[in-house]
Amino acid sequence: MTVLTAAPAQDAAAPPVHCACFPGSTIWLTGLPSSGKTTLAHAAAAVLRERGRRVEVLDGDELRQTFSAGLGYSRADRRSNVERIGRVAQVLSRNGVTVLVPVIAPYADARALVRSWHRAGGTDFLEVHVAAPLPVCSVRDVKGLYAKHAAGEITGLTGVDDPYEEPLAPDLRIASHTQTVTESTRELLALLAERGLA
């Protein structure tokens with residue numbers, strides 16, 4: 001005779017391996033170089049993972065070296081880069097992943113196109129403007145881009161001698177230069193909760 005035993009009780013405090021209680025979504029963090037996009041994306045991802053969410057961060061700098069390695073920095077190539085990353089984000093998000101995308105995406109029409117793909121597929125796309133101003137970003141200069149530009153080593157720096165089109169009506173605008181990373185993360189997570197995404 002087979003004896004059935006009860007499965008061990010799960011620790012109530014431990015989150016499930018992967019929580020499927022919320023739909024996937026794409027949160028696109030746009031802003032100038034050194035505005036704090038990547039820092040905020042990873043901070044939010046860490047909190048969401050602690051809650052058992054399936055999360056992916058599509059880091060623009062990393063993807064530039066791999067997925068978009070053959071692209072330059074012309075307007076057409078920058079747009080192609082955004083479209084490629086947008087397609088990956090769309091596929092992940094429609095499969096239940098919360099996708100955080102810290103990518104400058106300087107042109108409004110490219111961001112709108114990616115949003116339209118998500119809308120057509122019934123997946124949420126949130127545009128978050130990490131809105132540290134140019135003087136603050138140039139002092140932070142996390143990757144030394146502003147210094148290289150000032151020294152004449154590079155051209156086409158977004159927000160300096162290449163355009164950056166700020167979102168006119170983002171889902172959220174975060175003043176990352178006036179608050180801590182923790183405060184910015186809390187603000188972003190509050191938006192996700194409000195939209196039923198976290």
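## Two helix pairs: the ground rules

Two helix axes are called roughly parallel when their angle is under 35 degrees, roughly antiparallel when it is over 145, roughly perpendicular from 65 to 115, and oblique for the rest. The axes themselves are lines fitted to C-alpha atoms, for helices over the stretch in contact, with angles running from 0 to 180 degrees between N-to-C directions. Helices (H or I, at least four residues) and strands (E, at least two) are DSSP runs, numbered from the N terminus.

Keep in mind that this is a predicted model, where local features need pLDDT of at least 70 and side-chain atom pairs count only at pLDDT 80 or more, while totals for chains, interfaces and linings use all residues. Residues are numbered from 1 along each chain as its sequence is written, and side-chain values use heavy atoms, with hydrogens and water left out.

## α1 against α7

Helix α1 covers residues 37–50 and helix α7 covers residues 181–194; their axes come within 9 Å and cross at roughly 60 degrees. That angle is why α1 and α7 count as oblique to each other. The crossing of α1 past α7 is right-handed (the near helix is turned clockwise from the far one by less than a right angle; anticlockwise would be left-handed).

On the α1 side, the contact (heavy atoms within 4.5 Å) uses Thr39, Leu40, Ala43, Ala44, Val47 and Leu48, and on the α7 side Val181, Ser184, Thr185, Leu188, Leu189 and Leu192. Sorted by class, the contact of α1 with α7 comes to nine nonpolar, three polar and no charged residues. For the classes, Ala, Val, Leu, Ile, Met, Phe, Trp, Tyr, Cys and Pro are nonpolar, Asp, Glu, Lys and Arg are charged, and the others, Gly among them, are polar.

## α3 against α4

Next up are helix α3 (residues 75–94) and helix α4 (residues 108–120), which pack at about 20 degrees with their axes 9 Å apart. So α3 is roughly parallel to α4. Here too, α3 passes α4 in a right-handed crossing.

From α3, Arg75, Arg79, Val82, Glu83, Gly86, Arg87, Ala89, Gln90 and Ser93 meet Asp109, Ala110, Leu113, Val114, Trp117 and His118 from α4. By class, that contact of α3 with α4 breaks down into six nonpolar, four polar and five charged residues.

## His129 and Thr30

His129 sits in strand β4 (residues 124–130). Its relative accessibility is 3%, so His129 counts as buried (under 20% relative accessible area, with exposed meaning over 50% and partly exposed in between, using a 1.4 Å probe and protein chains only). The side chains of His129 and Arg173 share a polar contact of 2.6 Å; such a contact is a pair of N or O atoms within 3.5 Å, where within protein one must be able to donate a hydrogen and the other to accept it, and residues adjacent in sequence count only if both atoms are side-chain atoms. Not counting residues up to four places away in sequence, His129 touches Thr30, Gly31, Tyr164, Glu166, Pro167, Pro170, Leu172, Arg173 and Ile174.

Thr30, one of those partners of His129, belongs to strand β1 (residues 25–30). With a relative accessible area of 0%, Thr30 is buried. A polar atom of the Thr30 side chain lies 2.5 Å from the backbone oxygen of Ile104. Thr30 and Glu127 are 97 residues apart along the chain, yet their C-alpha atoms are separated by 7.3 Å. Beyond residues up to four places away in sequence, Thr30 touches residues including Lys37, Val103, Arg111, Val128 and Tyr164.

## Loop residues

Ser68 has its place in the loop between α2 (60–65) and α3, and at a relative accessible area of 0% Ser68 is buried. Leaving aside neighbours within four places in sequence, Ser68 is in contact with Leu63, Asn81 and Arg84. Val97, in the loop between α3 and β3 (98–102), is buried at 8% relative accessibility. Val97 and Glu56 are 41 residues apart in sequence but 6.9 Å apart in space, C-alpha to C-alpha. With neighbours within four places in sequence set aside, Val97 is in contact with Gly24, Ser25, Arg54, Val55, Glu56 and Leu92.

Two more loop residues have backbones to check. Ser34, between β1 and α1, has phi near 70 degrees, a positive value in a residue other than glycine, and at 13% relative accessibility Ser34 counts as buried. Asp141, in the loop between α5 (134–140) and α6 (145–150), has a positive phi of about 40 degrees although it is not a glycine. Asp141 counts as buried at 16% relative accessibility.
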